[in-house]
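Colleague: I would like a close look at one part of this model, with the surroundings brought in where they help.

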Amino acid sequence: MERVRESNTEFAGCSKINKVFKQALAPFLKGHKDGTLHSRLMSLFLGIKNLDRISGPGKRQVALGLETLEGVRLFNDFTVTPERPRLLACQYGLDWNEGMFFIEGIDSGVFMKGCDVIVLSVGLVRFDFDSLAFEQVFADPLLVRRSADALDYRIALPALAYGTGEVFGVGQVQFYQEIDGALYGMRKGFGVELFMEV
């Protein structure tokens with residue numbers, strides 16, 4: 001009976017984190033519907049919590065699980081948007097030392113069939129897994145046309161105010177078709193990815 005109570009306590013803690021974490025991601029997921037995100041995030045946080053080797057049963061925490069390399073790996077490997085698990089079919093990532101999001105090798109092969117424009121948005125989130133407080137900052141979106149000459153791009157990351165909690169990056173991509181000067185989002189052309197410094 002005690003084990004069940006301990007498990008329920010940890011589950012409830014992960015459930016609270018899940019609810020607020022989705023609020024922190026909301027600006028990046030605006031307009032996107034995914035009925036599986038809640039349960040998949042719950043599995044992620046339960047898995048990370050299980051990596052807490054410091055606390056006893058019933059008291060294990062996601063925050064302490066994220067202090068392990070395995071916890072950060074689980075976080076970075078989480079697929080936010082299953083229809084588009086990776087933002088782009090080229091090299092990209094967050095350079096934490098330079099405070100930049102880099103994209104290398106955007107050529108016509110990166111564009112979906114029928115796509116004319118890619119819009120990439122990047123931001124940072126500071127999320128305190130103990131207090132559940134969070135803060136977000138957003139860089140200006142990058143718009144890349146199929147006809148662009150440049151292959152490599154850099155997006156400067158905005159600064160977060162000093163605070164407590166884990167900092168991670170969020171990238172969002174949307175592929176568009178342009179018709180008569182208007183942009184229309186393409187089916188399976190929306191993706192979100194998380195980046196935490198290892």
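How close do the axes of α2 and α4 come, and at what angle do they cross?

Modeller: Please keep in mind that this is a predicted model. The axes of α2 and α4 come within 9 Å and cross at roughly 170°. Since angles over 145 degrees count as roughly antiparallel, α2 and α4 are therefore roughly antiparallel to each other. On the α2 side the contact is made by Leu44, Gly47 and Ile48, and on the α4 side by Gly71, Leu74 and Phe75.

Burial within α4 adds to this picture, for Gly71, Val72 and Phe75 are buried there. These three cover an arc of only 95° around the axis, which puts them on the same side of α4. Two of the names, Gly71 and Phe75, also appear among the residues that make the contact with α2.

From Phe75 one can move on to the largest nonpolar core, which has 30 residues, and in which Phe21, Phe45, Phe75, Phe127, Phe129, Phe168 and Leu194 touch the most other members. Both helices of the pair are among the elements that give two or more residues to this core, and the others are α1 (2-29), α3 (62-65), β3 (117-127), β7 (166-179) and β8 (182-196). The largest share, eight residues, comes from α1. As a general background, nonpolar side chains tend to be buried together in soluble globular proteins.

Phe127 shows what such a position looks like in detail: leaving aside its neighbours within four places in sequence, Phe127 is in contact with Ile17, Val20, Phe21, Ala24, Leu132, Ala133, Phe134, Gly165, Glu166 and Phe168. Apart from this core lies another, of 28 residues, among them Phe101, Ile103, Leu142 and Val144.

Ile103 leads in turn to a sheet, since its bridge partner in β6 is Tyr153. Four bridges join β2 to β6, and these two strands run antiparallel. Strand β2 (residues 100-104) also pairs with β1 in the antiparallel sense, over five bridges, and Met100 of β2 is the bridge partner of Asp95. Taken together, the three strands form an open sheet in the order β1-β2-β6, with β1 (91-95) and β6 (153-156) as the edge strands, each pairing on one side only. Along β6 the side chains alternate, so that Tyr153 and Ile155 point to one face and are buried, whereas Arg154 and Ala156 point to the other and are not.

Notes: Residues are numbered from 1 along each chain as its sequence is written. This is a predicted model: local features need pLDDT of at least 70, side-chain atom pairs count only at pLDDT 80 or more; totals for chains, interfaces and linings use all residues. Side-chain values use heavy atoms; hydrogens and water are left out. Two strands pair if DSSP finds at least two bridges between them. A nonpolar core is a set of buried Ala, Val, Leu, Ile, Met, Phe, Trp, Tyr and Cys residues joined through side-chain atoms within 4.5 Å. Buried means under 20% relative accessible area, exposed over 50%, partly exposed in between (1.4 Å probe, protein chains only). Contact means heavy atoms within 4.5 Å. The arc is that of the directions from the helix axis to the C-beta atoms. Axes are lines fitted to C-alpha atoms, for helices over the stretch in contact, and angles run from 0 to 180 degrees between N-to-C directions. Angles under 35 degrees count as roughly parallel, over 145 as roughly antiparallel, 65 to 115 as roughly perpendicular and the rest as oblique.
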